[in-house]
Amino acid sequence: QLQASGGGSVQAGGSLKLACVASASVRSIDVMGWYRQAPGKQRELVATISRRIGTNYADSVKGRFTISSDNDDAIYLQMNSLKSEDTGVYYCNAVKFGGTSYWGQGTQVTVSS
């Protein structure tokens, strides 16, 4: 229902762009966002976007990452100036009006120093 793509391996200082598209079965989306999980750590918020709320970023990515949306069913995450601590599996999330939450399959981002 959420298809994420765009992960990969890059050297520190490089850039990657993630994309997430919601299928036709996921409509009336209120908020979409990206979360990540590093090995041995809990999943954490990276950024969210909503027509109602606007954008929200984790302090650790402010000024380096930009979240954007397209037609309310696709989001992107432009990641610049990547650091080794950005390494992890990135998950796309969508929350519908009413609270139902959907997760994508995750895409690996590896940043080598």
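I started at Arg-64, which touches Gln-78, Met-79, Asn-80, Ser-81, Leu-82, Lys-83 and Asp-86, leaving out residues up to four places away in sequence; contact here means heavy atoms within 4.5 Å. Before going on, a note to self: this is a predicted model, where local features need pLDDT of at least 70, side-chain atom pairs count only at pLDDT 80 or more, and totals for chains, interfaces and linings use all residues. Residues are numbered from 1 along each chain as its sequence is written, and side-chain values use heavy atoms, with hydrogens and water left out.

**Arg-64, continued**

I placed Arg-64 in the loop between strand 6 (54-57) and strand 7 (65-70). Strands are DSSP runs of E with at least two residues, helices are runs of H or I with at least four, and both are numbered from the N terminus. Buried or exposed? Arg-64 is buried, with a relative accessible area of 11%. The cut-offs are under 20% for buried, over 50% for exposed and partly exposed in between, with a 1.4 Å probe and protein chains only.

**Whole chain**

I counted elements next and got 0 helices and 11 strands. The radius of gyration is 13 Å, close to the 13 Å that the globule rule gives for 113 residues, so the protein is as compact as a globular protein of that length. That radius is taken over C-alpha atoms, and the rule is 2.2 Å times the number of residues to the power 0.38. The C-alpha atoms fill a box of roughly 40 × 25 × 25 Å along the principal axes.

Buried residues make up 41% of the 113. I also looked at contacts with a separation of 6 or more: residues 24 or more positions apart account for 51% of them. The accessible surface comes to about 5900 Å², and 45% of that belongs to carbon and sulfur atoms; the areas are Shrake-Rupley values with a 1.4 Å probe, and for residues only the protein chains shown count as cover.

For charges, I found 11 positive and 8 negative side chains, with the centres of the two sets 1 Å apart. Lys and Arg count as positive, Asp and Glu as negative, while His and the chain ends are not counted. Each charge sits at NZ of Lys, CZ of Arg, CG of Asp or CD of Glu.

**Strand 4 and its partners**

Strand 4 (residues 29-37) is mostly covered, with 7 of its 9 residues buried. Which way does strand 4 pair with strand 9 (residues 88-96), parallel or antiparallel? The pairing is antiparallel, over 8 bridges; two strands pair if DSSP finds at least two bridges between them. Ile-29 has Lys-96 as its bridge partner in strand 9.

On to strand 5 (residues 44-50), which runs antiparallel to strand 4 and is joined to it by 5 bridges. Met-32 stands opposite Ile-49 there. These two strands form a hairpin with 6 residues between them, and Gly-40 in the turn has a positive phi of about 75 degrees.

**Strand 1**

I checked the two faces of strand 1 (residues 2-5): Leu-2 and Ala-4 are on the covered face, Gln-3 and Ser-5 on the uncovered one. Strand 1 pairs antiparallel with strand 3 (residues 16-22) over 4 bridges, and Leu-2 has Ala-22 as its bridge partner.

**Leu-77**

Leu-77 is in strand 8 (residues 74-79). At 0% relative accessibility, Leu-77 counts as buried. Beyond four places in sequence, its contacts include Leu-16, Trp-34, Val-46, Phe-65 and Tyr-90. I took the Leu-16 pair further: 61 residues apart in sequence, but 8.2 Å apart in space, C-alpha to C-alpha.

**Odd phi values, and Phe-97**

Most residues other than glycine have a negative phi. So I noted Ser-28, which has a positive phi of about 55 degrees although it is not a glycine. Ser-28 lies in the loop between strand 3 and strand 4. Ser-81, in the loop between strand 8 and strand 9, has a positive phi near 50 degrees. At 40% relative accessibility, Ser-81 counts as partly exposed.

Last, Phe-97, in the loop between strand 9 and strand 10 (101-103). How accessible is Phe-97? At 53%, Phe-97 counts as exposed. Phe-97 touches Ser-28, Ile-29, Asp-30 and Arg-52, not counting residues up to four places away in sequence. Phe-97 and Ser-81 are 16 residues apart in sequence and 34 Å apart in space, C-alpha to C-alpha.
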